Amino acid sequence: MSWGFPIATTRETGYVNENFTYLTLENMTDNVEALKKMQLMTDSEINAIVDQNLVILKSKYTWEVIKSKFIQQFEKIIYD
């Protein structure tokens, strides 16, 4: 995702409300269909997803954001 490319993942990864194609652990037929749809995306559809994903990356997954989350978790462990 670091370049904003479309992502296929399962909900079990913990990523929710993102612009992802979600696969299931139970239904491989649905997964194949979902991946086929991704392969058939037009350039404009892919570029739109890339643009949306880059906005998400810059707001939620920068090193500053990640560092802050780590510090919060460490402080919670230490001081709670």
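This tour moves through a predicted model of a single chain, from the whole trace to individual side chains.

**The whole chain**

Begin with the full chain in a cartoon view. The chain holds three helices and two strands, and the order of these elements from the N terminus is β-β-α-α-α. The radius of gyration is 16 Å, well over the 12 Å that the globule rule gives for 80 residues, so the chain is more spread out than a compact globule. Turn the C-alpha trace onto its principal axes, where the spans are about 50 × 30 × 15 Å.

Next, switch to a surface representation. The chain exposes about 6,500 Å², and 59% of that area is supplied by carbon and sulfur atoms. Of the 80 residues, 22% are buried. A contact map adds a further view: among contacts with a separation of 6 or more, 52% are between residues 24 or more positions apart.

**The N-terminal segment: Trp-3**

Select Trp-3, which is located in the segment before β1. Is this residue buried or exposed? Trp-3 counts as exposed because its relative accessibility is 61%, and the cut-off for that class is over 50%. Now display Val-50 and Leu-54, which Trp-3 contacts once neighbours within four places in sequence are left aside. Add Asp-51 to the selection and draw a C-alpha to C-alpha distance from Trp-3: the two residues are 9.6 Å apart in space, although 48 residues apart in sequence.

**Strand β1: Thr-9**

Move along the chain to strand β1, residues 8-10, and select Thr-9 within it. Thr-9 has a relative accessibility of 13% and therefore counts as buried, since the limit for that class is under 20%. Which residues does Thr-9 touch, not counting those up to four places away in sequence? The partners to display are Phe-20, Thr-21, Tyr-22 and Leu-23.

**A charge over a ring: Arg-11 and Tyr-22**

Keep Tyr-22 on screen, as one of the residues touched by Thr-9, and add Arg-11. Arg-11 lies over the face of Tyr-22, at a distance of 3.8 Å from the ring centre.

**Helix α1: Asn-31 and a salt bridge**

Go to helix α1, which covers residues 28-39, and select Asn-31. With a relative accessible area of 8%, Asn-31 is buried. Leaving aside neighbours within four places in sequence, Asn-31 is in contact with Leu-23 and Thr-24. Leu-23 has already appeared on this tour, as a residue touched by Thr-9.

How many salt bridges does the structure hold? There are two, and one of them can be displayed in this helix by selecting Lys-36 and Glu-33, whose side chains meet at 3.9 Å, N to O. Both residues lie in helix α1, three residues apart, about one turn of the helix. Lys-36 is partly exposed at 41% relative accessibility, and Glu-33 is likewise partly exposed, at 39%.

**Helix α3: a salt bridge, Val-65 and a stacked pair**

Proceed to helix α3, residues 63-79. Select Glu-64 and Lys-67, whose side chains meet in a salt bridge at 3.4 Å, N to O. Because they are three residues apart in helix α3, Glu-64 and Lys-67 are separated by about one helical turn. Glu-64 is exposed, with a relative accessible area of 51%, whereas Lys-67 is partly exposed at 42%.

Val-65 also has its place in helix α3. Its relative accessibility of 23% makes Val-65 partly exposed. Display Ser-59 and Lys-60 as well, which Val-65 contacts when neighbours within four places in sequence are left aside.

Finally, turn to the aromatic rings. The model has two aromatic pairs. The rings of Phe-70 and Phe-74 have their centres 6.3 Å apart and their planes at 25 degrees, so this pair is stacked; the cut-off for stacking is under 30 degrees. What separates these two residues along helix α3? Phe-70 and Phe-74 are four residues apart, and therefore about one helical turn.

Methods. Residues are numbered from 1 along each chain as its sequence is written. This is a predicted model: local features need pLDDT of at least 70, side-chain atom pairs count only at pLDDT 80 or more; totals for chains, interfaces and linings use all residues. Side-chain values use heavy atoms; hydrogens and water are left out. Buried means under 20% relative accessible area, exposed over 50%, partly exposed in between (1.4 Å probe, protein chains only). Contact means heavy atoms within 4.5 Å. Rings of Phe, Tyr and Trp (its six-membered ring) pair if their centres lie within 6.5 Å; planes under 30 degrees apart count as stacked, over 60 as edge-to-face and the rest as tilted. A charge sits over a ring if NZ of Lys or CZ of Arg is within 6 Å of the ring centre and within 35 degrees of the ring normal. The radius of gyration is taken over C-alpha atoms; the globule rule is 2.2 Å times the number of residues to the power 0.38. Accessible areas come from the Shrake-Rupley method with a 1.4 Å probe; for residues, only the protein chains shown count as cover. A salt bridge is a side-chain nitrogen of Lys or Arg within 4 Å of a carboxyl oxygen of Asp or Glu.
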